[in-house]
Amino acid sequence: MKPETKKDIRSLSLEDLRLFFTQNHDQAFRGNQVYQWLWQKGIHNFEGMTNLSKSTRSLLETHFVINHIDIDQLQKSNDGTIKNAVKLHDNLVVESVLIPTETRTTACVSSQVGCSLDCKFCATAKIKRMRNLNADEIYDQVVAMHQQSILYFDRPLSNIVFMGMGEPLMNYKNLINAIDKITQSDGLGMSPTRITVSTSGIPKMIMKMADDQVRFGLAVSLHSARQELREQLMPFAEKFPLNDLAESIKYWYKKTAKAVTYEYVVWKGINDGDEDINALVDFCKISTCKVNLIEYNPIGDDQFLQANKDRIGAYESALESERIIVTVRRSRGKDIDAACGQLANKAERE
Ligand code: SAH
């Protein structure tokens, strides 16, 4: 078979692999062995599958390829953050970011090449969505950053956030497939409670996640609890109005009993007024939740400016007086364009 007509072996499920071996007059458990090499040991070639015979390895070689990502460029921030330019098998590039703190190392993972949403303040939105990442491409980013975490910080990866490029809930099947491999005991065996999926807010998909009883956390990028303003900031919100979003969050909470985290940037003169604060406080009453007030990371557009400290303080005290947990999150990796909303393959394009 020509290499380009061969199937990527990682698109096969465990059942598919077992079936492949029985159809080729071998035993089904070989499928489990291969599955472990691919998803637990993260191997990228057939020669390395040392518990398989030579003839089995060449059988695999004849039928399949293993497409894998390459770290094309690695940039280190002076705060320790590492940004990877990740080259895919078709030469497209996404970025992923490893963020160390005193107690954690968090991997920020991409789910799409570019993004189809149109948030006015986000650099990724300026790159049109080229394609969804496959489950293995999502998984490989995690493995690569897990290895970096051990190499540079002498400890395993502790947390994963789907806050890189793209909208994870618009690539739901591959996202779930990748998370399965990250969490299964014959995969990386990470606890789902250490994983957070961040969405711009797609009500139908939030309800689907609730129905699927997912065990990871949910973050919603809210930025405004006033429909009219939210539409200006995130025009797609016209199709996904706040009322529907609120209903889906209620449903999520009812089904999963998990608090939602709201990501929220406060901009000067845009959403820093008292009416904005009151609207957020009201919205937060829908279900148990936390609010992350995120620092704005400039993307070379001067219509957006970070709000003054006193306005951020006003948000904090209004939320706290309603007993809503609020944190103010400082950006990491800003000097290398690795912070939230700055991922735009800049280094690759230069
Ligand atoms: N599409 C998903 C995943 C991307 S996460 C989502 O929107 O949640 C990226 C996070 O960074 C989101 O909370 C997003 O709203 C935020 N963000 C985007 N641009 C930003 C910027 N310039 N400064 C700070 N945060 C930004």
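Of the 350 residues in the protein chain, buried residues make up 52%. The structure is a predicted model, and its protein chain contains 11 helices and 14 strands. With a radius of gyration of 22 Å, close to the 20 Å that the globule rule gives for 350 residues, the protein chain is as compact as a globular protein of that length.

**Overall dimensions and contacts**

- The C-alpha trace of the protein chain spans about 70 × 45 × 35 Å when it is followed along its principal axes.
- Among the contacts in the protein chain with a separation of 6 or more, 65% are accounted for by residues that stand 24 or more positions apart.

**Surface and charge**

- The protein chain has an accessible surface of about 16200 Å², and carbon and sulfur atoms hold 48% of that surface.
- The protein chain carries 44 positive and 45 negative charges, and the mean positions of these two groups are 4 Å apart.

**Aromatic pairs**

- The structure holds 13 aromatic pairs, one of which is formed by Phe-121 and Trp-267, a tilted pair with 4.9 Å from centre to centre and 45 degrees between the planes.
- Phe-121 lies in the loop between strand S7 (112-113) and strand S8 (131-132), whereas Trp-267 lies in the loop between strand S12 (260-265) and helix H9 (274-283), so this pair ties together parts that are 146 residues apart in sequence.
- Phe-121 has a relative accessibility of 10% and therefore counts as buried, the cut-off for buried being under 20%, and Trp-267, at 0% relative accessibility, also counts as buried.
- Trp-267 takes part in a further pair with Tyr-296, in which the ring centres are 6.0 Å apart and the planes stand at 70 degrees, so the pair is edge-to-face, a term that applies to planes over 60 degrees apart.
- While Trp-267 lies in the loop between S12 and H9, Tyr-296 belongs to the loop between strand S13 (289-294) and helix H10 (309-321), so the pair of Trp-267 and Tyr-296 ties together parts that are 29 residues apart in sequence.
- Tyr-296 is buried as well, with a relative accessible area of 6%.

**The aromatic cluster**

- Phe-121, Trp-267 and Tyr-296 belong, together with Phe-304, to a cluster whose members are linked by ring pairs.

Technical notes. Residues are numbered from 1 along each chain as its sequence is written. This is a predicted model: local features need pLDDT of at least 70, side-chain atom pairs count only at pLDDT 80 or more; totals for chains, interfaces and linings use all residues. Side-chain values use heavy atoms; hydrogens and water are left out. Helices (H or I, at least four residues) and strands (E, at least two) are DSSP runs, numbered from the N terminus. The radius of gyration is taken over C-alpha atoms; the globule rule is 2.2 Å times the number of residues to the power 0.38. Buried means under 20% relative accessible area, exposed over 50%, partly exposed in between (1.4 Å probe, protein chains only). Contact means heavy atoms within 4.5 Å. Accessible areas come from the Shrake-Rupley method with a 1.4 Å probe; for residues, only the protein chains shown count as cover. Lys and Arg count as positive and Asp and Glu as negative; His and the chain ends are not counted. The place of a charge is taken as NZ of Lys, CZ of Arg, CG of Asp or CD of Glu. Rings of Phe, Tyr and Trp (its six-membered ring) pair if their centres lie within 6.5 Å; planes under 30 degrees apart count as stacked, over 60 as edge-to-face and the rest as tilted.
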